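Open the model in your viewer and keep the selection panel at hand. The stops below go from annotated positions to the packing of nonpolar side chains.

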Amino acid sequence: MQGTVGELGEFGLIRELTARLPLTPAVELGPGDDAAVVTAPDGRVVATTDVLIEGRHFRRDWSTAYDVGRKSAAQNLADIAAMGAVPTAILLGLVAPADLPTTWATELMDGLRDECQVAGAAVVGGDVVRGDTITLAITALGDLQGRAPVVRSGAQVGDVVAVTGWLGWSAAGLTVLSRGFRSPRAFVEAHRRPEPPYHAGPAASELGATAMIDVSDGLVADLGHVAKASGVDIDLRAADFDVPAQMADIGQAVGVDPLVWVLSGGEDHAIVATFPNSVQLPARWRVVGRVVRTAGKARGGQVTVDGAPWDRVGGWDHFAAE
């Protein structure tokens, strides 16, 4: 489609975007009314939201609109899965300048739609408004299907720490892109379009996970949230992490220890959980550490690697000094 969103107009843009959207059995009423209707058989709705701004969360010279759609959906749907819930729906708030090509907006919606289909969810509505900077506000919903939510505060001393999904791939890809390269492609694509293991969240709940979180800010940083909320410490074993040979090659080329990407790199949206030591974990889960007692009179929150503090913690604070 040619032209800009300004030429198409608000309601023309809405028609173009919503026409691309299939529904799922969980959606009783999709886009087109004052609000959507999504079933909640459990009687509870899991909800999360994120805001993404061009130049801070994505760059159009690094990622296509389709990539941005896939990634923005993935990071929200992963939060739903990390609660032990099944994703059901997404709503999109889109701020766009009038001169934005219409094709960018429709490709963005295609990316959102396709990532939702991977997770079994649907885009059910939203809003569009004119603004100077492309901004996405994503709200995701999910269904616990009768299970208790798996929160950050349930880790117990003696639990094992296990992870499923990719670690460090997105950070390695970002490093490659920031140096002006576009390969190795697998790592660049991991940054553009993360692949969260959506199925693993509800499955972990069924297995008896005591605490769970998705890896958005880096494994050590995110496990720090779990440790602090649970009043425990966590110790990781460096030898238990898999560093692919190609990642090691990238690290050597740019002078970065690839373990830094694995432990501190974010945006892979792997799932990490704590489980009682007696749980027999499927092969997809890799045990990488243990929950331990807090040192001295501390209230917990420390994450160590091989018993020593990890001083290269990732994480992100939007209001920290730049």
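Select Asp50 and Asp79 in this predicted model: the UniProt annotation "binding site", from an unreviewed entry, covers both Asp50 and Asp79. They are spread over 30 residues of sequence but cluster in space, with a largest C-alpha distance of 10.1 Å.

Centre on Asp50, which is in strand 3, residues 46-53. Is Asp50 buried or exposed? Neither: with a relative accessible area of 23%, Asp50 is partly exposed, because buried would require under 20%. Now show what surrounds Asp50. Beyond four places in sequence, Asp50 touches Gln75, Asn76, Asp79, Leu136, Ala137 and Ile138. For Gln75, display the side chain as well: the side chain of Asp50 makes a polar contact with that of Gln75, at 3.3 Å.

Move to Asp79, found in helix 3, residues 65-81. Asp79 is partly exposed, its relative accessible area being 22%. Setting aside neighbours within four places in sequence, Asp79 is in contact with Thr48, Asp50 and Asp214.

Next, go to the largest nonpolar core, which has 39 residues. Which members touch the most other members? Select Leu219, Ile234, Leu236, Phe241 and Leu263. Then isolate Leu236 and list its contacts more than four places away in sequence: among them are Val161, Leu219, Val220, Leu223, Phe241, Leu263 and Val288. The contacts of Leu236 also include Gly289, Val303, Thr304, Val305 and Asp306.

For the last stop, select Ala65, Leu77, Ile138 and Tyr198, which are among the 36 residues of another core, lying apart from the largest one. Ile138 is also one of the residues that Asp50 touches.

Notes:
Residues numbered from 1 in each chain as written. Predicted model: local features only at pLDDT ≥ 70, side-chain atom pairs only at ≥ 80, totals over all residues. Heavy atoms only, no water. Core = buried A, V, L, I, M, F, W, Y, C linked by side-chain atoms within 4.5 Å. Buried < 20%, exposed > 50% of the residue type's maximum accessible area, 1.4 Å probe, protein only. Contact = heavy atoms within 4.5 Å. UniProt positions renumbered as here; feature names shortened; annotations may be inferred. Helix = DSSP H or I, 4+ residues; strand = E, 2+ residues; numbered from the N terminus. Polar contact = N/O pair within 3.5 Å; in protein donor to acceptor, adjacent residues only side chain to side chain.
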